[in-house]
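Visitor: I should be grateful for a guided introduction to this structure. May we proceed by question and answer?

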Amino acid sequence: MSEQKSFHIVTYGCQMNVHESEKIAGMLCELGYKSCDEMQSADVVVFNTCCIRENAENHAFGNIGMLKKLKAEKKDMIIAVGGCLPQQLGKAENLHAKFPYVDVIFGTHNLHKLKEYIQLKRTQRKAVIKVEDDEGSIFEGDKPLRTSYPNAWVNITYGCNNFCSYCIVPYVRGRERSRKAENIIAEVEELVKKGYKEITLLGQNVNSYGNGTNELSFPELLEKVANIDGKFRLRFMTSHPKDFSEELAKVIARNPKICHCVHLPVQSGSDEILKAMNRKYTVEDYIKKIEILKKHVPDCTVTTDLIVGFPNESEEDFEATLNLVKKVGYSSAFTFVYSKRDGTVAAKMPNQIPEEVSKVRIMKLVELVNSLTRDQSSGYVGKTVEILCEDFDKKKKLYCGRDEYGRMSYFESNNNAIGEFVTLKITKANGISLYGERV
Ligand code: 5AD
Ligand code: SF4
């Protein structure tokens, strides 16, 4: 009997991509391949790329380049490159010219056809290069191979209509479209039945779910999902502040399954920069949204995304960002240096900020965010928290999991606790990590 063939997927970028790699893995399993950890021994290698920042793109280019030698030794190995990078105008052809040994190139809109493309490649010598435009449709037949038990991700919207001036996502993910509520609810019901304990609803801007259709609004959908029977937690990301409503804050407050932790990307603390970013809110509007959230959910933590070095960002603009971070007291934040993306409005703006200036700013910002997180962590010592155990940290030899506020805690356990809700007494805080004992 011949040995079962295997696949290896390399994922770049966000949670959306991690979940899309699960869908790719599902398709490869249907073709009879099994997952393997080693790229060297795989029969199919897929690079699921991201182009949101230049460094993610360069990282993928570097890794694809490194496979040239291996492919020369293993001629039957199939290399596929897909997702956001090839979806950009002209990039699929560039990729093919630069890496002629890549067998399959596909985009974001035809990801669900990868199975077909791999089969086609197995029967023909030439490369399969297929990138499609957004047809506004949604593919519903995914059978993802979920790899993050007890956590599971569920798409609710695809694409984005916001066109923030720095962002390439609307160009590579197409116009916003919402899945039917009945399909989302059926998917979550099945996941809960299978034992998944934390469900995260995913979209570029979940708050605009259903806009322009007869579907439910996002708060209505969220409440319906929160009413599904069983013990599980519910999260959602990402919320655009301009669409974050009081109704949503009320839904969070009255449904205990919804975690008291909201990701609300602000990007900058300067009104001028926000305007140039086309974010459609001011700092004051943003703070009001947080006040509404805290009025209904006083213990809610807030996390955010921040960009430094946007064109024209002055020292004062940057100071305004630092001030906002202090004022809100984020529990954590993703911090980015602005990356110029071809085709976006911001790429054509004058006064692009020199790299050295951005570097100094990002260091200051990271230091501030870390100090906030550290202070909040030390306040946890002595408290009792309920965490959902999600992993075993091999280095620390400890199990770990998050509380509903998103804070990671580590603990010892004699049994495999992954998937269990565990009550811990926090005994120590070390930087952002907490350590506790089961009670
Ligand atoms: N440069 C830097 N950061 C960016 N993001 C999106 N586009 C860019 C860019 N061109 C960040 C934003 C967004 C997060 C997902 O990525 O902060 O919220
Ligand atoms: Fe990009 Fe803005 Fe859409 Fe987020 S909301 S994906 S930052 S365009």
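**Ligands and buried elements**

Visitor: Which residue offers a polar backbone atom 3.0 Å from a nitrogen atom of ligand 1?
Guide: The model under discussion is predicted. In it, a nitrogen atom of ligand 1 has a polar backbone atom at a distance of 3.0 Å. The residue that supplies this backbone atom is Tyr 166.

Visitor: How much of the area that ligand 1 exposes when taken alone does the protein bury?
Guide: Besides Tyr 166, the side chain of Gln 267 places an N or O atom 2.6 Å from an oxygen atom of ligand 1. A backbone N or O atom of Ser 339 is 2.8 Å from a nitrogen atom of ligand 1. Taken alone, ligand 1 exposes 400 Å². The share of this area that the protein buries is 87%.

Visitor: Which elements give two or more residues to the shell around ligand 1?
Guide: The residues surrounding ligand 1 include Asp 305, Ile 307, Phe 336 and Val 337. The elements that contribute two or more residues are strand S13 (301-308) and strand S14 (332-337).

Visitor: How many nonpolar residues does the shell around ligand 2 have?
Guide: Ligand 2 is surrounded by residues including Cys 160, Cys 164, Tyr 166, Cys 167 and Arg 279. By class, its shell has three polar residues and one charged residue. The number of nonpolar residues in the shell around ligand 2 is seven.

Visitor: Is Thr 344 buried or exposed?
Guide: Thr 344 belongs to the loop between S14 and helix H14 (355-378). Beyond its neighbours within four places in sequence, Thr 344 is in contact with Ser 165, Tyr 166, Cys 167, Ile 168 and Tyr 171. Because its relative accessibility is 1%, Thr 344 counts as buried.

Visitor: How many of the nine residues of helix H9 (residues 218-226) are buried?
Guide: Among the buried residues of H9 are Phe 218, Leu 222 and Glu 223. Their cover includes helix H8 (181-193), strand S10 (198-202), strand S11 (233-237) and helix H10 (246-254). H9 is mostly covered, and the count of its buried residues is seven.

Visitor: What is the bridge partner of Asn 151 in S10?
Guide: Asn 151 lies in strand S7 (residues 151-155), which is largely enclosed by the rest of the structure because five of its five residues are buried. Asn 151, Trp 153 and Asn 155 point one way from S7, whereas Ala 152 and Val 154 point the other way. S7 runs parallel to S10, and five bridges join the two. The partner of Asn 151 in S10 is Glu 198.

Technical notes: Residues are numbered from 1 along each chain as its sequence is written. Chains are lettered from A and ligands numbered from 1 in the order in which they are written. This is a predicted model: local features need pLDDT of at least 70, side-chain atom pairs count only at pLDDT 80 or more; totals for chains, interfaces and linings use all residues. Side-chain values use heavy atoms; hydrogens and water are left out. A residue is near a molecule or strand if one of its heavy atoms lies within 4 Å of it. A polar contact is a pair of N or O atoms within 3.5 Å; within protein, one must be able to donate a hydrogen and the other to accept it, and residues adjacent in sequence count only if both atoms are side-chain atoms. Accessible areas come from the Shrake-Rupley method with a 1.4 Å probe; for residues, only the protein chains shown count as cover. Helices (H or I, at least four residues) and strands (E, at least two) are DSSP runs, numbered from the N terminus. Buried means under 20% relative accessible area, exposed over 50%, partly exposed in between (1.4 Å probe, protein chains only). Contact means heavy atoms within 4.5 Å. Ala, Val, Leu, Ile, Met, Phe, Trp, Tyr, Cys and Pro count as nonpolar, Asp, Glu, Lys and Arg as charged, and the others, Gly among them, as polar. Two strands pair if DSSP finds at least two bridges between them.
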